[in-house]
Amino acid sequence: MEIPSKYEPNRVEANWYDYWMKHDFFSSKPDEREPYTIVIPPPNVTGVLHMGHMLNNTLQDVLIRRARLLGKNACWVPGMDHASIATEAKVVAKLKEEGINKANLSREEFLKHAWDWTNEYGGVILQQLKKLGCSCDWDRTKFTMDDDMSASVIKVFVDLYNKGLIYRGYRMVNWDPEAKTTLSDEEVIYEERQGNLYYLVYAIEGSDEKVIIATTRPETILGDTAICINPNDERYHHLKGKKAIVPICNRVIPIIEDEYVDIEFGTGCLKVTPAHDENDKNLGDKHNLDVVDIFNEDATLNSFGMHYEGKDRFVVRKEISKELEEKGFLVKTEQHLNKVGTSERTKAVIEPRLSDQWFLKMEELAKPALDGVLKTNDIKFYPKKFENTYRHWMEGIRDWNISRQLWWGQQIPAYYYGDGQDDFVVAESREEALKMAKSKNPKIQESDLRQDPDVLDTWFSSWLWPMSVFGGILEPDNEEINYYYPTNDLVTAPDIIFFWVARMIMSGYHYKGKRPFENVYFTGLVRDKQRRKMSKQLGNSPDALKLIEDFGADGVRVGLLLSSSAGNDIMFDEALCQQGANFANKIWNAFRLIKGWEVADIEQPEASKIGIAWYTSKLNQTLAEIEDHFSKYRISDALMAIYKLVWDDFCSWLLEIVKPAYQQPIDQTTFDAVIHLFEENLKLLHPFMPFLTEEVWQHIAERTPENALMVSNWPEVGSTDTALIADFEFATEVISGVRTIRKEKNIPQKDALELFMLNAEKISDQMDAIIMKLANLSKFETVDSSLEGALTFRVKSNEYFIPMSGAIDVEAEIEKINEELKYTRGFLQSVQKKLGNERFVNNAPEQVVAIERKKAADAEAKIETLEKSLASLGNS
């Protein structure tokens, strides 16, 4: 095959992806090999590829491709999450554009629209992942609303209900007034916002007394059912047993006492609104207070809102505070910073609301999941710091509100047949529900059954993901679940440690008695150069597909990974992708250089022989380093080690050592060895840069599909000659010393030089051939004493001399050195003057003084070197 002059990712990538797919390289079936399994964190069906997905899925692909090369049966299961709130919102918005109101549709009609939308727009992200090179087993693609996945969810709900772990309760929940559904505690994001503290006057019934109460939410006074004081607060002893009158609505409410009230906050008096605050609800239960709910489901006021009925809560806040002021009830307003709960999905401000909901008891499920991470080390977190986050949440875990007031999702399998609070049954099917209901009341007909309209929280389906994708819930002992479960690695973002990671661990231990995965690698967040989180609102998130188009998938993968140590945020810069693309070009050009050499049956030069022995050792040393990085999930460090090996050691050193002279051939032995080492490099690079490496691999030789790079073998760590590596390091310093002198004196590389060494530190002479070739020396010998009239440099305790007779203008060199000496002595004097100033030394920051001292030491060292150079040129 003809080798193109430059690497063209856009031409190459689709070709090789199709090739891998055609030959079924991504698919996995149980066999005798050791399984290596990753389940994808299922992106929302509404999603499109963004930088977070790019990072997360590149890391998974690196792990899965390396496992394949290690000979494991690598299985990466892709899929999507139905994302109930997000998808329903998209469908509702689309219907609205078409002039259709969801409220006018039946459930079945709405679900048809939802499925149409999902089939048309869903799954875009999975197609985009292919552009990134993700080697998922696409035949295994799962969707959390697939029939078997939904059946798994329903089966688990029924099972947990029968075990007494799921219950229905009238509780205070987090209500999203935009999505019109409850949310779990984990779906509420708390933000600090500047608000006001309103000081309101409540009259005491039957007297002229008044009491002042501070509130951040004046609109909720219409739902007040008590005022509470602390029994230890002497200021309010006189109010015990009295009643107060709520402003505007004139409701008469009791004054109760409870130590819950903070004497120091506000006025030390608390208005109690049991329908709209969880703590107030607890007080209300304890003191048997009335509950007055003033809000509709969209957070507009209902009939208890009186003349504000139908208005939004924030509009009412402004209007009622104005009315309170006009009527003399508002004493003063202060600015107040408080934490406001917002919906993770819709960003709406959450409203605490009393509601009948379904809950899952978490305490029993949490214990083995807590022990598995923190006691037995059965599951390992990378980085380890996230164990503390996990512990904090698990130890304070609350029951999970699993019902949502939506239509898109798995409908709760509870069937009501009467008006009583307990007139319902929980069953996997309507037929089963009818049997159960008849056992309680034989007269019941199927038409009497009303299924609970709510659906289950999306996370209630995805918490089963590592089991349900292998059919492990419906068929607990099938071949696939027994082979692939537990999975090996989970790569995810730390912001879903509670939503998903912890819950998968709980369900895994509960249903399989085993961890769902062995290792959890937490990625950082991708931020921009200003450290801002990437978001649509800020417009600072680059188009992921455009990056792939501009820099190639491999360039983007390398750019992302070079800057992504586990758990640490990534400051993304397109320059990183350019660096990745440059690396791809470097490898391509190295390949073209090698393939351009003419090969002949000639003797192998000594320099080439030593160079190949050195690089083989260096490769083995780096491979051991890479294995260590992978074992600790330092993926970025593993890539950096390979990057340095290929760019510096292979391209900059080995290829220069073995390169034949201009228009001369290379010997067959060296050529074969270089090709072999290049192929080993490609194997190491393949998980990170799959497209480029496969392209080069297939150009090196004609290969059958069985010999494709993707299904070759990861290199094995061989022996390392550390003495040889140390000698080579020394040799590179000698070569660099000669090159520096050439650069300073403008001596062309083609002009051969003589080099003499005063050998204080005995080193091996095996590198002499390499030094002579790369430094272009006509002579390289050891001497017993210093050479006069030569330029010198030092490597450790060895001194090297390059005779300069005829090569340079000695007089001009002496003049140049004297000028540099004069400047450096003047500079040293100014620094010493500063350091001699006691006020500066005593008052300046320690590190500033340290910098000045280093400047002085560097100047002194430079003066010594310049003086030696003058002496060697016969001038003192």
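Buried means under 20% relative accessible area, exposed over 50%, and partly exposed in between, with a 1.4 Å probe and protein chains only. Keep that scale at hand for the whole tour.

This is a predicted model, in which local features need pLDDT of at least 70, side-chain atom pairs count only at pLDDT 80 or more, and totals for chains, interfaces and linings use all residues. Residues are numbered from 1 along each chain as its sequence is written, and side-chain values use heavy atoms, with hydrogens and water left out.

**The whole chain**

Start with the full view. The protein chain has 27 helices and 31 strands. Helices (H or I, at least four residues) and strands (E, at least two) are DSSP runs, numbered from the N terminus. The radius of gyration is 37 Å, well over the 29 Å from the globule rule for 876 residues, so the chain is more spread out than a compact globule. That radius is taken over C-alpha atoms, and the rule is 2.2 Å times the number of residues to the power 0.38. Turn the C-alpha trace along its principal axes: the spans are about 115 × 75 × 50 Å.

Now colour by burial. Buried residues make up 53% of the 876 residues. Next, think about contacts, meaning heavy atoms within 4.5 Å. Among contacts between residues at least 6 apart in sequence, 77% join residues at least 24 apart.

**Stop 1: helix H15**

Select residues 497-512, which form helix H15. Of its 16 residues, 12 are buried, so H15 is largely enclosed by the rest of the structure. Among the buried ones are Phe499, Trp500, Met504 and Tyr509. Arg503 is also buried. Step just past the helix to Gly513, where phi is positive, about 70 degrees.

**Stop 2: Gln335**

Jump from Phe499 to Gln335. The two are 164 residues apart in sequence and 34 Å apart in space, C-alpha to C-alpha. Gln335 sits in strand S13, residues 330-343. Is Gln335 buried or exposed? At 65% relative accessibility, Gln335 counts as exposed. Show what touches it. Neighbours within four places in sequence aside, Gln335 contacts Gln194, Gly195 and Asn196.

**Stop 3: Trp597**

Select Trp597, in the loop between helix H18 (574-595) and strand S26 (599-600). Its relative accessible area is 11%, so Trp597 is buried. Add Lys659. The C-alpha atoms of Trp597 and Lys659 are 8.4 Å apart, with their positions 62 residues apart along the chain. Which residues does Trp597 contact, leaving aside neighbours within four places in sequence? They are Leu655, Val658, Lys659, Pro660, Ile666 and Phe671.

**Stop 4: Asp137**

Go to the loop between helix H5 (124-132) and strand S4 (142-143), and pick Asp137. Its relative accessible area is 3%, so Asp137 is buried. Beyond its neighbours within four places in sequence, Asp137 contacts Phe26, Ser27, Ser28, Trp76 and Pro78.

**Stop 5: backbone exceptions**

Most residues other than glycine have a negative phi, and most peptide bonds are trans. The next four picks depart from that pattern in one way or the other.

- Asp24 is not a glycine, yet has a positive phi of about 60 degrees. Find Asp24 in the loop between helix H1 (9-22) and strand S1 (35-39). With a relative accessible area of 42%, Asp24 is partly exposed.
- Met306 has phi near 55 degrees, again positive in a residue other than glycine. Its place is the loop between helix H7 (278-287) and helix H8 (313-326). At 34%, Met306 is partly exposed.
- Pro383 follows Tyr382 through a cis peptide bond, with omega near -5 degrees. Pro383 lies in the loop between strand S15 (380-382) and helix H10 (386-395).
- Pro486 follows Tyr485 through a cis peptide bond, with omega near 0 degrees. Pro486 is in the loop between helix H14 (479-484) and strand S22 (487-492).

**Last stop: the cysteines**

Show cysteine sulfur atoms. How many disulfides are there? With a disulfide taken as a pair of cysteine sulfur atoms within 2.5 Å, the count is zero. Zoom to Cys228. The nearest cysteine sulfur belongs to Cys269, 8.6 Å away. Cys228 is buried at 0% relative accessibility. Finish at Cys651, which is buried at 9%.
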